[in-house]
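Here's a quick look at one protein chain, with salt bridges, strands and cavities on the menu. Load it up in your viewer and follow along.

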Amino acid sequence: MENQGRNRKRLVLVPGPFQGHLTPMLQLATILKSKDFSITIAHTQFNSPDSSAHPDFTFLCIPDGLSEEEVRNPDLIAVVLRLNVNCESSFRECLTRGTNRMEPGDKICCIIYDALVYFSEAVARDLKIPSVVLHTISAATTIVRPILLQLKTQGHIPIPDSMLQVPVPLHQPLRFKDLPLSNFGSLDYFLEVVALTYNLRSSLAIIFNTIYCLEESPLAQLHQRYQVPIFPVGPLHKLAPTSAVSLLQEDTGCIPWLDKQTHNSVIYVSLGSVAHLNQDQLSEMAWGLANSKEPFLWVIRPGSIPGSEWIESMDEEFKECVKDRGCIVKWAPQKKVLAHEAVGGFWSHCGWNSTLESICAGVPLICQPCFGDQKVNARYLTHEWRVGLELEGEIERGTVERAIRTLMKEKEGEEMRQRVFDLKHKFDVSTGDGGSSCHYLSKLVELLTSL
Ligand code: UDX
């Protein structure tokens, strides 16, 4: 239960309701708590975090008005739009009415909200509470998103085939095909969310879960565009290593399995908390892994293969073939897995959290972006930081097998391992005393304290 220090300033943090968004916000909350702020997490009913894992915070549930049917909608962008419409008045009411854990008049010095839940800014402005936005994606993705809006105005969405390989002017190393388009439901809805999340409105500053040395150029461009303080205080998981953030139950049984494998021998495979696979993709991935003959730990989320509960539809021949060197789990303790000495490569969808976690652990990647910002991250990983191989086009077992061999066994993979190790060292410096992330964190704390 939170210690209700009388002189503490209260921050209300509003996370986006998806794993990749909840994680960095809860980590930020843990860090700010350690700087002596009182913390309230105001969350939607949809995908609500486990409050019992955070006895130091108070939790405020915002009625989101989503029906059963809306919650099951696979078009997550439509869900985001609906939430923002539904939650504005209920959040305002929560803050003005108070609750038994946060009394009316309890002074809130700032609302820190995920860019995805922009209704929070409208409420903050209305109640004259200062607000700061947290971007849980990279600075490079944030800076190129408005290009999608320009392309739409020019009639170039969907992006024509003739433009796909063309470099995006001023945004090396991206090609037009790497721009962060979503493949969920309606494109118009997606572009509406892009426009709404890009607008800073009255917010005083922007927090990024990134590191200055990794994204110096896009951060400078963003600063020029927004003209407000920008705080790259990442990687947040490194500054808040103990924060419990998982929405799904972690299967820790894979750690004793990893303990039995040799150094750098295992390829860890996970496509994050949102992506789905069809039966063909699943089968090509499976046989690529089997044919590579390397040990692997594979996360397959229940429900991520349409028509299957879990892996019951998988080929029995495959299961038999890999039974001695493959481990499949529903959800893994990913940071522990990446830090395990047996893990030598990460076949990832390149979500921003996974990208940062892999670099922090010094693990090179096979990049299989599925949609949105993952395409930007994959391009940076493969062509800017050069710590990953990209799997382009349709997943095919022969390509998968070759990529795994290259990463795990060949000189090219070894060079990537060296480069990611160098980058990990830079991250260690940035998050250590006197490093850039600590510097920006103290600047952020200074700003919040002054409000
Ligand atoms: C979503 C978007 O898909 C992504 O593109 C965006 O950058 C953030 O929001 P998600 O797909 O879940 O995120 O990917 P990612 O950002 O990598 O976050 C996944 C998180 O779940 C990571 O922190 C990872 O450690 C964790 N995880 C994943 C586990 O703890 N166990 C697992 O088995 C898999």
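## A strand on the inside

How many of the five residues of strand β3 (residues 58-62) are buried? Four of them are, so the strand is largely enclosed by the rest of the structure. Keep in mind as you click around that this is a predicted model.

Strand β3 pairs with strand β2 (residues 38-44), and the two run in the parallel sense over five bridges. If you want a spot to zoom in on, take T44, whose bridge partner in β3 is I62.

## A buried salt bridge and its network

Searching the whole structure turns up 22 salt bridges. One of them joins R379 to D178, with 3.5 Å between the closest N and O atoms. This pair links distant parts of the chain: R379 belongs to helix α14 (residues 373-383), while D178 is in the loop between α5 (139-153) and α6 (187-198), and the two are 201 residues apart.

Where do the two partners sit, buried or exposed? R379 has a relative accessibility of 10%, so it counts as buried. D178 has a relative accessible area of just 3%, so it is buried as well. The pair isn't on its own, either: R175, K177, D178, R379 and E392 are linked in a network of salt bridges.

## Two more charged pairs

Next up is E357, which forms a salt bridge with K335; here the closest N and O atoms are 3.9 Å apart. E357 lies in helix α13 (residues 352-361) and K335 in helix α12 (residues 334-339), so this contact ties together parts that are 22 residues apart in sequence. The burial of the two partners is worth a look. E357 is buried, with a relative accessible area of 7%, whereas K335 comes out as partly exposed at 33% relative accessibility.

The pair E401 and R405 stays within one helix, α15 (residues 397-409). Their salt bridge has its closest N and O atoms 3.1 Å apart. What separates the two along the helix? They are four residues apart, which means about one helical turn lies between them. R405 counts as partly exposed, at 30% relative accessibility.

## The largest cavity

Now for the empty space. Rolling a probe the size of a water molecule over the atoms shows where such space is left. The structure holds four cavities of 30 Å³ or more, and the largest has a volume of about 90 Å³.

Which residues line the largest cavity? The list is L271, G272, A275, H276, L277, W298, V299, I300, R301 and S304. Sorted by class, that lining has six nonpolar, three polar and one charged residues.

## The second largest cavity

The second largest cavity takes in about 60 Å³ of space. Its lining is made up of Y113, A115, Y118, V133, H135, L196, T197, Y198, N199, L200, R201 and Y226. The elements that give two or more residues to this lining are β5 (131-135) and α6.

Which element supplies the largest share of the lining of the second largest cavity? That would be α6, with three residues. By class, the lining of this cavity has eight nonpolar, three polar and one charged residues.

Terms used: Residues are numbered from 1 along each chain as its sequence is written. This is a predicted model: local features need pLDDT of at least 70, side-chain atom pairs count only at pLDDT 80 or more; totals for chains, interfaces and linings use all residues. Side-chain values use heavy atoms; hydrogens and water are left out. A salt bridge is a side-chain nitrogen of Lys or Arg within 4 Å of a carboxyl oxygen of Asp or Glu. Buried means under 20% relative accessible area, exposed over 50%, partly exposed in between (1.4 Å probe, protein chains only). Two strands pair if DSSP finds at least two bridges between them. On a 1 Å grid over the protein atoms alone, a cavity is a set of points where a 1.4 Å probe fits but cannot get out, and a pocket is an open set with protein on both sides within 12 Å along at least five of seven lines; lining residues have an atom within 4 Å of a point. Grid points are joined across faces, edges and corners, and a volume is the space filled by probe spheres set on the points. Ala, Val, Leu, Ile, Met, Phe, Trp, Tyr, Cys and Pro count as nonpolar, Asp, Glu, Lys and Arg as charged, and the others, Gly among them, as polar.
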